[in-house]
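Hi there,

Here is the structure I promised to pass on to you. Please open it next to this email and follow along as you read.

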Amino acid sequence: MARVFNFSAGPAALPLEVLETAQAELTDWQGSGMSVMEVSHRSKPFIAVAEQAEADLRELMGISDEYAVLFLQGGATQQFALIPMNLSAAGQTVDQLVTGAWSKKALKQAQAVRNVNVVADGAESGYCDVPAADTWKLTPDAAYFHYCSNETIGGLEIHDVPDTGKVPVVCDMSSTILSRPVDVNRFGMIYAGAQKNIGPAGLTIVIVRKDLIAEGGAGLPDILQYRTQADAGSMSNTPPTFAWYVAGLVFDWIKRQGGLPAMAKHNQAKAEKLYAAIDGSDFYANPVAIPYRSWMNIPFTLANPELDAAFLQQSAAEGLTNLKGHRSVGGMRASIYNAVSMDAIDALISFMQEFERSNG
Ligand SMILES: *Cc1c(COP(=O)(O)O)cnc(C)c1O
């Protein structure tokens with residue numbers, strides 16, 4: 001069996017052990033003679049899986065009972081629209097920080113429903129830096145403040161939680177959730193599409209303070225209300241059962257690795273090694289301001305972009321896949337989520353050095 005080193009930005013690499021467990025259980029899950037995909041989401045065995053996954057996620061992230069944890073569909077993109085509808089009322093202002101492609105998309109969706117105040121926009125730096133916090137134009141009575149803690153495309157990560165006083169902080173954590181410990185109590189809401197660092201596509205995790213969703217969005221249909229799914233254990237309608245099950249296997253895998261402190265150590269070490277290789281060469285470059293460099297997505301360019309195609313072709317031939325940068329940025333991008341091993345980083349660095357020797 002040949003597994004490649006997979007640097008995909010998403011859907012992304014999953015731990016091999018998780019895939020093997022899912023494979024072993026696929027046709028005869030828990031002695032049922034069926035797969036987990038073929039049973040009712042309301043059956044006792046599936047409810048047990050669903051509850052265990054939620055309990056493990058709560059344990060991993062230290063999520064208190066003041067928060068609802070929802071297992072939804074629609075992706076992080078659907079949240080861009082649901083958040084303003086659920087967490088603010090007509091006439092209220094919402095604050096948003098714009099640091100790259102994903103926070104821009106979130107802005108556009110919120111602007112369709114609410115009055116949005118852009119507190120700061122990193123456009124001037126080409127989204128390679130974040131305007132200093134003391135220049136942000138915060139609204140004192142904003143319904144909430146929204147930001148993206150890791151811009152997956154630009155490779156820019158905000159490592160500290162912004163201080164917004166009493167205004168609840170809402171964070172798109174799609175590409176950094178579970179990569180390190182976070183203090184959930186600092187947030188009004190955290191959300192993430194699963195396909196970066198949690199599990200298969202089709203599942204979206206929402207962690208939201210219960211008091212923020214108690215009233216619900218005025219005039220919203222039930223299915224668009226967080227409250228509805230919170231009251232129904234995310235089973236107001238059929239949830240993405242297979243993705244929920246695999247996410248549960250991933251949570252269990254993370255626990256066995258030593259939880260989020262162990263993930264943080266592993267991820268920081270991987271990122272530092274790759275940045276050191278990039279910075280130590282005149283052939284490769286990363287444009288992001290050092291305090292905001294991502295641990296998860298590391299874009300890099302070659303001194304001569306005419307070599308991009310050869311780099312991609314030769315790296316793929318050596319089993320290093322999905323290194324092409326996003327079409328909006330060009331160059332390369334190595335996405336190195338939890339499931340990407342140090343061996344993958346070492347193999348990438350040695351390929352990069354060899355490529356530089358033959359082409360530099
Ligand atoms: C991938 C990604 C999204 C979009 O997720 P979908 O599940 O495709 O809607 C949003 N935000 C960030 C930070 C992402 O990385």
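Let's begin with a small puzzle: in E10, which residue is the bridge partner of Leu-70? It is Val-206. Please keep in mind that this model is predicted.

That pair belongs to a longer match, since E2 and strand E10 (residues 204-209) are joined by six bridges in the antiparallel sense. As general background, the strands of a sheet pair through backbone hydrogen bonds, and they can do so in a parallel or an antiparallel way.

Now step back to the whole sheet. It is open and has seven strands, in the order E2-E10-E9-E8-E5-E3-E4, and the pairing is mixed. At the edges you will find strand E2 (67-72) and strand E4 (115-121), each of which pairs on one side only. On average, neighbouring strands here are turned by 15° against each other, ignoring direction.

Two helices are worth finding next. Helix H2 (residues 44-61) packs on this sheet and touches E2, strand E9 (189-193) and E10, with its direction at about 130° to that of E2. Helix H3 (residues 75-87) lies across several strands, including E2, E9 and E10, and runs at about 155° to E9.

There is also an open sheet of three strands, ordered E11-E12-E14, with antiparallel pairing. Its edge strands are E11 (284-285) and E14 (332-335). Strand E12 (residues 297-302) pairs with E14 over four bridges, and Pro-299 stands opposite Arg-333 in E14. Helix H8 (residues 259-279) packs on this sheet, touching E11, E12 and E14, and its direction makes about 15° with that of E12.

Enjoy exploring!

Notes: Residues are numbered from 1 along each chain as its sequence is written. This is a predicted model: local features need pLDDT of at least 70, side-chain atom pairs count only at pLDDT 80 or more; totals for chains, interfaces and linings use all residues. Side-chain values use heavy atoms; hydrogens and water are left out. Two strands pair if DSSP finds at least two bridges between them. Axes are lines fitted to C-alpha atoms, for helices over the stretch in contact, and angles run from 0 to 180 degrees between N-to-C directions. Contact means heavy atoms within 4.5 Å.
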